[in-house]
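User: I would like to go through the packing of helices and strands in this model, one question at a time.

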Amino acid sequence: MRITQGTFSYLPDLTDEEIAAQLRYAIGQGWAVAVEFTDDPHPRNNLWEMWGLPMFDIADAAAGLAEIRACRDARPQHYVRVCAYDASYGRQTTALSFIVHRPPDEPGFRLDRQEASDRRIRYTLSPYAARQPHSRRYQPGG
């Protein structure tokens with residue numbers, strides 16, 4: 001199952017050249033760029049772990065691409081995304097977010113249905129990967 005979160009989710013994976021073009025756009029807008037990663041891409045898990053600090057004053061997309069590559073190399077079994085933050089409103093607002101790396105195997109989600117009182121139905125979305133401890137998610141045979 002392919003996780004669809006952020007901009008470009010329904011397109012094929014972006015190449016490094018296409019990622020660099022998006023970084024150039026974000027830098028041109030004056031946005032801060034951050035690289036984040038997770039092993040639990042639940043749709044409501046919007047707080048991923050940061051790879052280093054946000055890059056507030058980079059002038060070249062190569063610096064951002066180097067951080068993306070370093071994160072990919074260090075976390076090959078994790079999802080990696082780029083976020084660009086716009087501070088023009090007086091607060092850091094996410095202006096752009098897209099996935100730049102996925103684990104080789106994406107196990108997907110389970111939808112649990114629960115019937116409640118007054119004919120209400122509740123649904124819970126649970127990632128199959130969350131059954132494993134953090135250190136074993138997305139590992140071969142895990």
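The questions and answers below concern a predicted model.

User: In what order do the four strands form the open sheet?

Analyst: The sheet is open, and the pairing of its four strands is antiparallel. Its edge strands, each of which pairs on one side only, are β2 (49-50) and β4 (93-101). Read across the sheet, the order is β2-β1-β3-β4.

User: Which residue in β2 does F37 stand opposite?

Analyst: Strand β1, residues 32-38, pairs with β2 in the antiparallel sense, and this pairing extends over two bridges. In β2, the residue that F37 stands opposite is E49.

User: Which strands does α2 touch where it packs on the sheet, and what angle does its direction make with that of β1?

Analyst: Helix α1 lies across β1, β3 (79-86) and β4, and runs at about 165 degrees to β4. Helix α2 also packs on the sheet, where it touches β1, β3 and β4. The angle between the direction of α2 and that of β1 is about 10 degrees.

User: Are α1 and α2 parallel, perpendicular or oblique to each other?

Analyst: The axes of α1 (residues 16-28) and α2 (residues 61-74) come within 9 Å and cross at roughly 130 degrees. An angle between 115 and 145 degrees falls outside the perpendicular and antiparallel ranges. The two helices, α1 and α2, are therefore oblique.

User: How do the residues of the contact of α1 with α2 divide into nonpolar, polar and charged?

Analyst: From α1, the residues D16, I19, A20, L23, R24 and I27 take part, and they meet A61, G64, L65, I68, R69 and R72 of α2. The residues of this contact divide into seven nonpolar, one polar and four charged.

Conventions. Residues are numbered from 1 along each chain as its sequence is written. This is a predicted model: local features need pLDDT of at least 70, side-chain atom pairs count only at pLDDT 80 or more; totals for chains, interfaces and linings use all residues. Side-chain values use heavy atoms; hydrogens and water are left out. Axes are lines fitted to C-alpha atoms, for helices over the stretch in contact, and angles run from 0 to 180 degrees between N-to-C directions. Angles under 35 degrees count as roughly parallel, over 145 as roughly antiparallel, 65 to 115 as roughly perpendicular and the rest as oblique. Contact means heavy atoms within 4.5 Å. Ala, Val, Leu, Ile, Met, Phe, Trp, Tyr, Cys and Pro count as nonpolar, Asp, Glu, Lys and Arg as charged, and the others, Gly among them, as polar. Two strands pair if DSSP finds at least two bridges between them.
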